[in-house]
Amino acid sequence: MKQFEHGGQIYNADGTAGDWLDFSANINPLGLSKKIRAAIIENIDGVKNYPDPNATELKAAISQRYKVPAENLVLVNGAAEFFYLYLNVTRPRKILIPVPSFSEYERAARAVNAEVEYIFTRAEENFQLNLKQDFSADLMILGRPNNPTGNLISIDTIKKLAANVKILIDESFIDFLEVESARQLVSEKISVVQSLTKIFAIPGLRLGFAVVEKKLAAKLNAAKDVWNVNFLAQKAGVAALSDEKFLQVTKSYLQIEKKYFVERLKKIPNLQVFEPTVNFVLLKFETPALAELTLEKLRQEKILLRSCANFVGLDARFLRSAIRTREENLKLLDALENI
């Protein structure tokens, strides 16, 4: 088991934020929308009150936007909270995790003393899941799209897997894409969790939701902290979900910028680029030493990339980069070419 850590580590030893150009966290490069910013400012005085424990307004907004019944919803303080809540309530004994993947899946599993079995995917096969393997466990946790590989497992594959094992699907990046969500498959065998912090650039507020079978939703809602979604997060979420234009502009922007970013990366020698589906790219350097040198040289220029050395199934040759604005991307690309 490798050490758990994450991107977005922009803080100095004294806790203050450093002056970094952060490509290590996969957040919407367009930042806060005008609607979210206005909602936070307009409602700032409301923090003197407790948040609505039922998050009625936010649940209605999620239900309307994603076409899911409110009784199937569980609102959480970021998607990561849901892994701990779900596993603490359901208590699976054995959990399958295709790797490499988001480390909080395993961390939450270890927190409930579950046995964790890795399903290793291979870079040579573009990290595709091999369905010929025997999947025997109480639960499988899947990222869709997966972090850090960007792979997007198909709806048909999920249906086949669910015939043999319960599945918890993390769709935290799904709103960056024009694809079918697994929310339509929710049943006793399939649950889906989604972050709202990445697409709406509010990781500091923490906000997410899960869609699960109705009886399980009641159990999960009874087991969580009453005020787990704070007042400003609720107001920001309502504003965000009404902003269809912002979502469309984001998708259009990333479609163009992703193509440009990847084409430039592919011209850099001694670097393998895994074709991305969303707003981040997995990179493989020729040697660990070259990857580590690149990280250090970039740090000297106040640019952060995400080392993937601590991802199970990867090693120090792999780095992950977010896709940001053209101006910011050019700074990274120029720096990489120079290195």
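Accessible areas here come from the Shrake-Rupley method with a 1.4 Å probe, and for residues only the protein chains shown count as cover.

**View 1. The surface of the predicted model.** The accessible surface of the protein comes to about 15,800 Å², and carbon and sulfur atoms hold 49% of that area. This is a predicted model, in which local features need pLDDT of at least 70, side-chain atom pairs count only at pLDDT 80 or more, and totals for chains, interfaces and linings use all residues. Residues are numbered from 1 along each chain as its sequence is written, and side-chain values use heavy atoms, with hydrogens and water left out.

**View 2. The fold and its contacts.** Here you can look for 10 helices and 13 strands, which are DSSP runs (helices H or I, at least four residues; strands E, at least two) numbered from the N terminus. Of the contacts (heavy atoms within 4.5 Å) between residues at least 6 apart in sequence, 70% join residues at least 24 apart.

**View 3. The largest nonpolar core.** Such a core is a set of buried Ala, Val, Leu, Ile, Met, Phe, Trp, Tyr and Cys residues joined through side-chain atoms within 4.5 Å, where buried means under 20% relative accessible area (1.4 Å probe, protein chains only). This one has 55 residues, and Leu58, Phe200 and Leu265 touch the most other members. Helix 7 (residues 231–241) gives the most to this core, namely seven residues.

**View 4. Around Leu265.** Leaving aside residues up to four places away in sequence, Leu265 touches Leu271, Val273, Val281, Leu283, Leu333 and Leu336.

**View 5. A second, separate core.** Tyr86, Val99, Ile141 and Val212 are among its 28 residues.

How values were computed: Buried < 20%, exposed > 50% of the residue type's maximum accessible area, 1.4 Å probe, protein only.
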